[in-house]
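Welcome! Please take a moment to look over the sequence and the model shown here, and then we will walk through them together.

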Amino acid sequence: MANFKIKDIRTCTEEEKLTQLSEFKGQLIDIFEDFLNERGIVIPNSERDEDEDLDPEEAANIYGSDYDLLADKLMDTLERWGLLKPEIAVDTPAGQLVAYAGTDAANPSVGIMLKPKDIEGQEIDLAFAETKCKELLDTDETEDTVSLYVYGDPYDEDYTKKYRFYRDDVNKALSDS
C-alpha cells in the first residue's frame, strides 16, 4: 500500500479511476480484515479452504466471492451517499440531468449533460463551464474568466454559443443587486 499513489478521483482518466477504485476497495476490505484478525475471528470460506495454493497461515480472512460481495456492498453504499461520484444526477421525464466535474486539474470545470430516458448508455452535452490556465487563455480572458459553452444543437458535438463571465462584470452585477 505504501507504494500506491493516491490521486483525486475527480481528475483521473477512466482507466486511472478504475485503478483508484480497485485500490480503494482493497483498503476498505483491509480495515475489516484487520478488525477480524485482531479479535481472532475467522470467517468460514469454502473457496479459501479448497484453494491448494494458499498457505492457511497467510490466507486472507475475507476471500473470493465474500470479498467481492462485501466490496460491492461498500461501494454501493458510498455511491448512494454521493461520496464517490463527482457528479450529481437528477431524474426528469426526459432522462437524467447530470452535472459533473471536469477531469483537467489545470482547467477546473463543470459540465451538464442529459442521459436520455430509454436510451441506455447514451448522453448528450448541454453546457460546460470552465476557467483556463494561462497557456490556454484567449486574448480577452484572464484566469478568473469563466467561459460557458452551450450545446444548442443535439445533432452537433460542437458548442453553439459561448458566454464569458469576466470578474469585474460579475463583481459589479453582484454589488448592484
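## A word to start with

A residue is called buried when its relative accessible area is under 20%, exposed when that area is over 50%, and partly exposed in between. Arg48 has a relative accessible area of 10%, so Arg48 is buried. Please keep in mind that this is a predicted model.

## The overall picture

Let us begin with the whole chain. It has 4 helices and 6 strands, and reading along the sequence gives the pattern α-α-α-β-β-β-β-β-β-α. Of the 177 residues of the chain, 21% count as buried.

The chain exposes about 13100 Å², and carbon and sulfur atoms supply 53% of that area. As for contacts between residues at least 6 apart in sequence, 26% join residues at least 24 apart.

## The sheet

How are the 6 strands arranged? They form an open sheet in the order S1-S2-S3-S4-S5-S6, with antiparallel pairing. Strand S1 (87-92) and S6 are the edge strands, each pairing on one side only. On average, neighbouring strands of this sheet are turned by 15° against each other, direction ignored.

At one edge, S1 and strand S2 (residues 95-101) pair in the antiparallel sense over 6 bridges. A hairpin of 2 residues joins S1 to S2. To find this pairing in the model, look for Glu87, whose bridge partner in S2 is Tyr100. At the other edge, strand S5 (residues 146-150) pairs with S6 in the antiparallel sense over 5 bridges. Here Leu148 has Tyr163 in S6 as its bridge partner.

## A nonpolar patch on the surface

Tyr163 is worth a second look. This residue is found in strand S6, and its relative accessibility of 38% means that it counts as partly exposed. Tyr163 also belongs to a nonpolar surface patch of about 430 Å², made together with Val146, Phe165, Val170 and Leu174.

Which elements each supply at least two residues of the nonpolar patch? They are strand S6 (161-165) and helix H4 (167-176). Within S6, the patch includes Tyr163 and Phe165. As background, side chains in a regular strand alternate between the two faces of the sheet.

## Salt bridges around Glu141

The structure holds 11 salt bridges. Several residues are linked in a network of them: Lys132, Asp138, Asp140, Glu141, Lys162 and Arg164. Let us follow two of the pairs that involve Glu141.

In one pair, the side chains of Lys132 and Glu141 meet at 3.4 Å, N to O. Are these two residues buried or exposed? Lys132 is buried, with a relative accessible area of 11%, and Glu141 counts as buried too, at 7% relative accessibility. In another pair, Glu141 forms a salt bridge with Lys162, and the closest N and O atoms are 3.8 Å apart. Glu141 lies in the loop between strand S4 (124-130) and S5, while Lys162 lies in strand S6, so this pair ties together parts that are 21 residues apart in sequence. Lys162 is partly exposed, with a relative accessible area of 24%.

## Arg48 and its surroundings

Now back to Arg48, the residue from the opening section. Arg48 forms a salt bridge with Asp49, with the closest N and O atoms 3.9 Å apart. Arg48 is buried at 10% relative accessible area, whereas Asp49 counts as exposed at 61% relative accessibility.

Where is Val42 found? Val42 is in the loop between helix H1 (14-38) and helix H2 (46-50). With a relative accessible area of 62%, Val42 is exposed. Leaving aside neighbours within four places in sequence, Val42 is in contact with Arg48 and Asn61. The C-alpha atoms of Val42 and Ala60 are separated by 9.4 Å, and these two residues are 18 residues apart along the chain.

How values were computed
Residues numbered from 1 in each chain as written. Predicted model: local features only at pLDDT ≥ 70, side-chain atom pairs only at ≥ 80, totals over all residues. Heavy atoms only, no water. Patch = residues over 30% accessible without salt bridge, like charges linked within 9 Å, V, L, I, M, F, W, Y side chains within 5 Å. Areas by Shrake-Rupley, 256 points an atom, 1.4 Å probe, with all protein chains shown as cover. Salt bridge = Lys/Arg side-chain N within 4 Å of Asp/Glu carboxyl O. Buried < 20%, exposed > 50% of the residue type's maximum accessible area, 1.4 Å probe, protein only. Contact = heavy atoms within 4.5 Å. Pairing = 2+ DSSP bridges. Axes fitted to C-alpha atoms, helices over the stretch in contact; angles between N-to-C directions.
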